[in-house]
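Got your viewer open? Load the model, switch on the cartoon view, and keep the selection box handy.

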Amino acid sequence: MLERLPEFIGNHPILSLAFVGLTVAIIAMEIARLTRPFKAVTPAQLTQLINRENALVVDVSAIADFEKGHILGARHVAMSQFDPENKVLAKVKDLPVAVVCRNGLTSSDAAKRLAKAGFTKVYWLDGGLAAWQQAELPLAKGRG
């Protein structure tokens with residue numbers, strides 16, 4: 001079967017290049033995931049962190065989204081004002097800090113910034129509050 005591989009590549013160069021490109025992209029994403037300075041957690045793991053280690057949950061969603069629904073006990077910090085050295089966060093540098101947002105995209109940047117600032121236990125809710133709701137976990141409404 002492998003003896004026909006050069007023939008396939010010769011007959012389908014674009015398909016072959018797409019396959020190589022996708023393979024390289026997947027490998028690069030996995031390496032980035034494994035070497036990032038924070039840990040991704042599921043909603044169940046985040047619940048355990050909150051209950052067992054009293055993790056601080058920081059929600060970097062827009063204020064309107066935060067008021068529509070957030071994890072009970074979460075503190076809101078707008079991403080535009082997110083500073084790892086702010087007074088609330090500076091006190092918990094060695095404690096577990098979990099960062100969340102609506103879909104998990106913005107919060108991964110915040111988690112990266114916390115880890116870079118020297119926080120030792122940084123967690124990121126993979127999938128954000130959408131994953132939290134999909135797991136049918138409760139949300140608080142209002143400002144907190």
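Here is a tour that starts with the whole chain and then stops at single residues.

**Before you click**

This is a predicted model, so local features need pLDDT of at least 70 and side-chain atom pairs count only at pLDDT 80 or more, while totals for chains, interfaces and linings use all residues. Residues are numbered from 1 along each chain as its sequence is written, and side-chain values use heavy atoms, with hydrogens and water left out.

**Stop 1: the whole chain**

Select everything and colour by secondary structure. You'll find seven helices and five strands; these are DSSP runs, with helices being H or I of at least four residues and strands E of at least two, numbered from the N terminus. Trace the cartoon along the sequence and the pattern reads α-α-β-α-β-α-β-α-β-α-β-α. The radius of gyration of the chain is 20 Å, well over the 15 Å that the globule rule gives for 144 residues, so the chain is more spread out than a compact globule. (That radius is taken over C-alpha atoms, and the rule is 2.2 Å times the number of residues to the power 0.38.) Now show just the C-alpha trace: along its principal axes, it spans about 65 × 30 × 30 Å.

Switch to a surface. The chain exposes about 9300 Å², and carbon and sulfur atoms supply 61% of that; accessible areas come from the Shrake-Rupley method with a 1.4 Å probe, and for residues only the protein chains shown count as cover. Of the 144 residues, 32% are buried. Buried means under 20% relative accessible area, exposed means over 50%, and partly exposed is in between (1.4 Å probe, protein chains only).

**Stop 2: a nonpolar patch**

Select Leu2, Leu5, Phe8, Ile9 and Leu15, which make a nonpolar surface patch of about 500 Å². Patches are built from residues with over 30% relative accessible area and no salt bridge; like charges are joined within 9 Å, and nonpolar side chains (Val, Leu, Ile, Met, Phe, Trp, Tyr) within 5 Å. Which helix gives the most to the nonpolar patch? That's helix α1 (residues 5-11), with three residues. Click on Phe8, which is found in helix α1. Phe8 counts as partly exposed because its relative accessibility is 39%.

**Stop 3: three salt bridges**

The structure holds three salt bridges, each a side-chain nitrogen of Lys or Arg within 4 Å of a carboxyl oxygen of Asp or Glu. Show sticks for each pair:

- Glu7 and Arg4: the closest N and O atoms are 3.8 Å apart. Glu7 is partly exposed at 43% relative accessibility, while Arg4 is exposed at 54%.
- Lys68 and Asp65: their side chains meet at 3.9 Å, N to O. The two are separated by about one helical turn because they sit three residues apart in helix α4 (residues 63-68). Lys68 is exposed at 57% relative accessibility, and Asp65 is partly exposed at 23%.
- Glu85 and Lys93: here the N to O distance is 3.7 Å. Glu85 is partly exposed at 47% relative accessibility, and so is Lys93, at 27%.

**Stop 4: Ser107**

Next, select Ser107 in helix α6 (residues 105-116). Is Ser107 buried or exposed? With 0% relative accessibility, Ser107 counts as buried. Turn on contacts (heavy atoms within 4.5 Å) and skip residues up to four places away in sequence: Ser107 touches Val60, Val99, Val100, Cys101 and Trp124. Then look at Gly104, whose backbone oxygen lies 3.4 Å from a polar atom of the Ser107 side chain.

**Stop 5: Gly127**

Move to Gly127, in the loop between β5 (122-125) and α7 (128-134). Leaving aside neighbours within four places in sequence, Gly127 is in contact with Arg102, Asn103 and Gly104. Add Val41 to your selection: Gly127 and Val41 are 86 residues apart in sequence, but 9.2 Å apart in space, C-alpha to C-alpha.

**Stop 6: two positive phi angles**

Finish with two backbone spots. Asn54 isn't a glycine, yet has a positive phi of about 55 degrees. Look for Asn54 in the loop between α3 (43-53) and β2 (56-59); at 66% relative accessibility, Asn54 is exposed. Glu136 isn't a glycine either and has a positive phi of about 60 degrees. Glu136 lies in the segment after α7 and is exposed, at 73% relative accessibility.

Note on methods: Polar contact = N/O pair within 3.5 Å; in protein donor to acceptor, adjacent residues only side chain to side chain.
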